Amino acid sequence: DFEFQRLHGMGETLYSELVGPDKFNVACRVYAPVGNETDLLPYLVRRLLENGANTSFVHRLADDKSPIEKIISDPVQEINILKNILNERVPLPIHLYGDARRNSQGINFSDPLEIHKLHEALHEPLTRYWQTAPIVGGQVMPGVPIPIFDPSDKRREVSSVILADAAMVDEALWRAAHAANTWDNTPATTRADILRRAADIFEQHRAEFIALCVREGGKTIPDAAAEVREAVDFCRYYALLAQRAFAAPTTLPGPTGESNQLSLHGRGVFVCISPWNFPLAIFIGQVTAALAAGNAVIAKPASQTPLIAAHAVRVLHEAGVPSDVLHFLPGKADVVGRILINDLRVAGVAFTGSTETARFINQTLATRSGPIVPFIAETGGQNAMIADSSALVEQLVIDVMHSAFNSAGQRCSALRVLFVQDDIASRVLHALKGAMDELRIGDPALLTTDIGPVIDAAAQSALDAHVQHMRTSDQTTLIHQLTLPEDAQHGSFFAPCVFEINDLRQLEHEVFGPCLHVIRYAADKLDDVIDAINNTGYGLTLGIHSRIGETVRHIQQRVRVGNIYVNRNIIGAVVGVQPFGGEGLSGTGPKAGGPHTLLRFATERVISVNTAAMGGNADLLASE
C-alpha cells in the first residue's frame, strides 16, 4: 500500500538494497524535475542541501563512521524528545509576551466548530444592534434614524444611526470635563484592570464583532478576525503601559535634603476621531490610549461605521469605564467635529484619516484661544516597495498581493507603488498577473472570498475615475485588471488592477483602494528611487525586497518613513511588536501600539520638597 520515491541520481545505493525481485520487491518511483535553469536550479540546490546535511539519513547511511544505532533510531521518538526541549524555550501563542500581557486569541479556520460559530453570527439578524445612537452619560439619545447599508449588497440594511446634534455635544463636553479629574485620580492599576476586563469581553463576543466588521465594514472574515485581535491587544498593551508609567511617581536624583518626583497625569478631555477602514481596532486604540493615560474621552466614529464603534463603547462601559468618562457621538464632521475641535474644554485630539482633514484640524486648533493642545494624527501615505534583482520573485509576488489587495487596498499601510529593477520586472509582472487571476471577489461573509467591497459608492467612484484617467494617459500602461463577478453588481465593488507608470510624480494623491502602480528602475538608479519616495512628503510604510544586506542598509539609512518591512508584506502591524505610524505628511507620531504612545496623551508634573525644612532626611539614619 505504499511506495518509495527517490530523485534521479540520488539514493541509488540505498534503494538497490530494497528494490528488485531478489530483494524486498517494494515499489520505488524515480522522478526528475523538468524545467528551465531559472526554475530548476534552486530546486536541485535545495535537494542537495537537504540530502547532504549532516543530519540527513542519506548522508549518515553513506558514512562508515555513523553507528548503526543512530541510523536506525526511531525518528518519531527523536522528534518527541526535541519537542519537549523546544516547548521549554518556545512559548505558546497565548504566552508570546511572557508575564507582561496575554496575547490575543486567533481563529483556526480549519476547525469546523469555530467556523460554525462564525457562520451563526454572520447569519444572525442584527436586530440587537439595530439602532445606533449617541451615548451621553450612559444614556442613549433620541433622534431620527438614518439607515446604514451593507457595502457588499446595498439592498441589505444593516442598521440605522441617529446623529448627534449641538446640544448633545455640549452635554457630553460638560459631563466629560467634570469627570476628567476624578478619572485621572483613579489609580492607574484600576484603569488597567478595566481595560483588561474589556479585552476579555471583546474575546467573549469575538464572533459578533467579526460579523459586524464583515457586514458594516465590508471586511473579509480573516481581516475582521485580525481586527478584533488588534483591538484586544490594544486594551492589554495600554493597560500594561499605564500600570508601568502611571501607577507611581518616578523619584529623581537630587541633593540630600530634597525630594523630587515626576508623575504622569491625564490632560483632561480628549476627542478621538477614527476612520472607517479599521472601525474597531483604530477606534479602540485611540480611546483606550486616552483612557489609560487618565483622560475623559469623547469618541466620534466614521459616519460609515458607527454600529461597530457603538457596540465597542458598550463593552468599555460594561468593563467599568464610568459613563461620564466615555461618551459616543456619531455625527457629521461639520457639526460634531467642528464643535468639538473649537471648544476650549477639549485638551487634546487624536485623529486617523486623510492628510487634508488632519491639516484642517491642525489649523483650527492653532487658531483657538486658550491653551495649546496636542494633536495626534495618523494620516495617509504613498507607500512604496523596492525590489532589486536579488529578490525571490515568488516571495515578492505573494507579498505584493497581500500588501496591495488585502482589505481591498483600504489600509493606511497598503502598497501603492512597486519599484522593480529592470532585470526581473518582466518576470514579476507575468507572475503577478497569474496570481491576480486566482483572486476571488465577492461576499466577504464567505471564507472563499479574497477581496470584498470598497466602503461605499463615493470610494468606488473615485477609484473608477482614477482608472479612467490612467487608461487615457499616454504615459501609463494597463498591465492587468480583473473582471467583477455578476453577483458584485449590488455592492460597491472595484476590480483590482495594476498599471505601469513612468514616474512617481504621475500620482498626485493617494489612491485608496486595490490599484497598484509599477515603476521599473535601472540598477544604478536606486538613489533616484529613494529620492522620489522622499520627495512625495509622505513617510508611512516602505517595503524592501532584497537579499543583499548592504542594499537594505543603504535604503534604510536614506529613506524617511515610519515603518520599513524587509522581505515580507508591509501590512498588519502588530501592537507592541511593530508600533505603527509615519512622519511628514503621514502623521505626527507617536506610533500607535508603541512604548511612547501614552506619553503624548499625558502631561508631566514634578513636585520638589525641601525635606530639610521638616527635620532633614530621615532616610540617612535608617538602617539597611
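Two strands pair if DSSP finds at least two bridges between them. On that basis, this predicted model holds an open sheet of three strands in the order S8-S9-S24, with antiparallel pairing. Strand S8 (250-252) and strand S24 (602-609) are the edge strands, and each pairs on one side only. From one strand to the next, the twist averages 30 degrees.

How many bridges join strand S9 to S24? Eight bridges link S24 to S9 (residues 259-266), and the two strands run antiparallel. One residue pair can be named here: Leu-262 has Val-606 in S24 as its bridge partner. In general, the strands of a sheet pair through backbone hydrogen bonds, either parallel or antiparallel.

The strands of this sheet are listed below.

| Strand | Residues |
|---|---|
| S8 | residues 250-252 |
| S9 | residues 259-266 |
| S24 | residues 602-609 |

Now the whole chain. The protein's secondary structure comes to 20 helices and 24 strands. Its C-alpha trace spans about 95 × 80 × 55 Å along the principal axes. The protein has 624 residues, and 49% of them count as buried.

Contacts reach along the sequence. Take those between residues at least 6 apart: 74% join residues at least 24 apart.

The surface comes next. The accessible surface of the protein comes to about 30,300 Å². Carbon and sulfur atoms account for 53% of that area.

Charge closes the report. The protein carries 52 positive and 69 negative charges. The mean positions of these two sets are 3 Å apart.

Technical notes:
Residues are numbered from 1 along each chain as its sequence is written. This is a predicted model: local features need pLDDT of at least 70, side-chain atom pairs count only at pLDDT 80 or more; totals for chains, interfaces and linings use all residues. Side-chain values use heavy atoms; hydrogens and water are left out. Helices (H or I, at least four residues) and strands (E, at least two) are DSSP runs, numbered from the N terminus. Buried means under 20% relative accessible area, exposed over 50%, partly exposed in between (1.4 Å probe, protein chains only). Contact means heavy atoms within 4.5 Å. Accessible areas come from the Shrake-Rupley method with a 1.4 Å probe; for residues, only the protein chains shown count as cover. Lys and Arg count as positive and Asp and Glu as negative; His and the chain ends are not counted. The place of a charge is taken as NZ of Lys, CZ of Arg, CG of Asp or CD of Glu. Axes are lines fitted to C-alpha atoms, for helices over the stretch in contact, and angles run from 0 to 180 degrees between N-to-C directions.
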